[in-house]
Amino acid sequence: MALLIRNGEIVTVGSRLQADIYVENETITRIGKDLETPPNAEVIDASGKLVFPGFIDPHVHIYLPFMATFAKDTHETGSIAALVGGTTTYIEMCCPNRNDDALQGYQLWKSKAQGKSACDYAFHMSVTKFVKETESQLRQIVADGTASFKIFLAYKNFFGVDDGEMYQTLELAKRLGVIVTAHCENAELVARLQQRLVAEGKTGPEWHEPSRPESVEAEGTGRFATFSENTGATGYVVHLSCAKALHAAQEAKARGVKIHVESVLPHFLLDKSYAERPGVEGMKHVMSPPLRAKHNQAALWNALAAGSIDTVGTDHCPFDTEQKLLGKDTFVNIPNGIPGIEDRVNLLYAHGVKRGRLDLDRFVDAASTRAAKLFGLYPRKGTIAAGSDADLVVYDANYRGVVSAKSHHVNNDYSGFEGMPIEGRPSVVTVRGKVQVRDGKFVGERGRGKMLKREPSHF
Ligand code: URP
Ligand code: ZN
Ligand code: ZN
């Protein structure tokens, strides 16, 4: 069915325009003032509202076997939570571990999403070892439309790669034109510091941050940048959390290394005092890299405003209270991760745009357009233009509410952002022209989401 979104303020990177958007067969076909309403078109009145391109979360975990358990969401629950929060596409980390076969892992991750996700999705393929068959397997995966890799410098003996494997991955990525995303913490130092702290009887969640200090992340970031530089590959640092690591990335950018930076919602809004709360309340705020000292937040906001942090993701990774308690005897066993897929857009708008930290243009860029460009989705996704997929967010900036696990759609019994105010929310969300959300409620079609095939573009 055709859809006409009437008289909204259309916000894209570099442009703001009061106009109508006409959608046919999943695609935007016309943008203009006072477009005629064709018979049978569904009409949405967007007067007084902003209209954004569908938001893209470049870093989520939905299916994730990790730390002796599984992240809580499925693609059914995670995609609905994403859509209610205005995210119409997410890129999931496909994370087989070192003992798994990469190709079988890739098929498994695909099978978990196929026919289940209500929003569109893609994958970053984790390279968790580099053995004889890795190159041919990765070539098949890229040919299947997954044109980005992920490596972990952390999580020794599980997801983590050594320097040789990092080199081989980057070198192959350069030849294939594939961007490599990386979790940048020094695995050896984390393991040694964990051992030392536990031996000293320092076992509560408040010791998670000291076991992975800023210097450990800065070292990983700098080393990843150096390897990108010397292979010529394009790198993308995920969930950068602190000023020290930011300096390492900026220093590399300044000398011409092709390196991009993502920071994730928790690091902008939460600080390490959350993980220092007693007992399970602290455990709920354990993620890696850890929540940092508060002064880092200003550095992240400033870099985001300036564009030297390219994107904002979530690293959505829900573990419930019972799972967090796996680490009651030692922080080393607390499943790492905080959910955020539903909250990213609203909290970024409220605490970024409304507080004057971020202009609207950069907000759209960081939460949608830049990820589309970096990951081979643009201009199909990430903008509002004739020919683009009709993924649209009609945004009610007058809405007032708070984040709460009582009302969220994420399959988790708590929210890391509980009680935080929001000042705006999506009133209508469409995926390829179909209304999936109205005013905080999923009203759409489950399983509508498609896997997005992407071409390599980083030669
Ligand atoms: O704490 C985190 N970030 N959990 C998910 C795995 C990862 O490192 O991305
Ligand atoms: Zn990570
Ligand atoms: Zn992650």
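How many Å separate the zinc ion (ligand 2) from the zinc ion (ligand 3)? The answer is 3.7 Å. Keep in mind that this is a predicted model. Besides the two zinc ions, there's ligand 1 to look at, which sits in the largest cavity.

**Zinc ion (ligand 3)**
- H59 and H61 each coordinate this zinc ion through NE2, and D315 joins in through OD, at 2.0 to 2.1 Å.
- Along the chain, the donors follow the spacing H-x1-H-x253-D.
- The arrangement counts as irregular because the 4 donor atoms around the zinc ion (ligand 3) subtend angles of 86 to 143°, and a tetrahedral call needs all angles between 85 and 135 degrees.
- As a yardstick, ideal angles for four tetrahedral donors are 109.5 degrees.

**Zinc ion (ligand 2)**
- Here the protein brings in H183 through ND1 and H239 through NE2, at 2.1 Å.
- This zinc ion (ligand 2) has 4 donor atoms, with angles of 56 to 149° among them, and its site is irregular.

**Ligand 1: who's around**
- The residues surrounding ligand 1 include H59, H61, H183, H239 and D315; H59, H61 and D315 also turn up as donors to the zinc ion (ligand 3), while H183 and H239 do that job for the zinc ion (ligand 2).
- F66, Y155, M287, S288, C317, N336 and G337 are also part of the surroundings of ligand 1.
- Sorted by type, the shell splits into 4 nonpolar residues, 7 polar ones and 1 charged one.

**Ligand 1: polar contacts and burial**
- On the nitrogen side, a polar side-chain atom of D315 lies 2.5 Å from a nitrogen atom of ligand 1.
- On the oxygen side, a polar side-chain atom of Y155 is 2.7 Å from an oxygen atom of ligand 1.
- H183 gets involved too, with an N or O atom of its side chain 3.0 Å from an oxygen atom of ligand 1.
- Taken alone, ligand 1 would expose 260 Å², and the protein buries 99% of that.

**Residues with two roles**
- D315 coordinates the zinc ion (ligand 3) and has that 2.5 Å approach to a nitrogen atom of ligand 1.
- H183 coordinates the zinc ion (ligand 2) and has a side-chain N or O atom 3.0 Å from an oxygen atom of ligand 1.

Key. Residues numbered from 1 in each chain as written. Chains lettered and ligands numbered in written order. Predicted model: local features only at pLDDT ≥ 70, side-chain atom pairs only at ≥ 80, totals over all residues. Heavy atoms only, no water. Near = heavy atom within 4 Å. Polar contact = N/O pair within 3.5 Å; in protein donor to acceptor, adjacent residues only side chain to side chain. Areas by Shrake-Rupley, 256 points an atom, 1.4 Å probe, with all protein chains shown as cover. 1 Å grid on protein atoms, 1.4 Å probe; cavity = no way out; pocket = protein on both sides within 12 Å on 5 of 7 lines; lining within 4 Å. Sits in = over half its atoms within 2 Å of the grid points. Nonpolar A, V, L, I, M, F, W, Y, C, P; charged D, E, K, R; others polar. Donors = N, O, S within 2.8 Å, 3.2 Å for Na, K, Ca; no water. Tetrahedral: all angles 85-135°; square planar, octahedral: opposite > 155°, others 65-115°.
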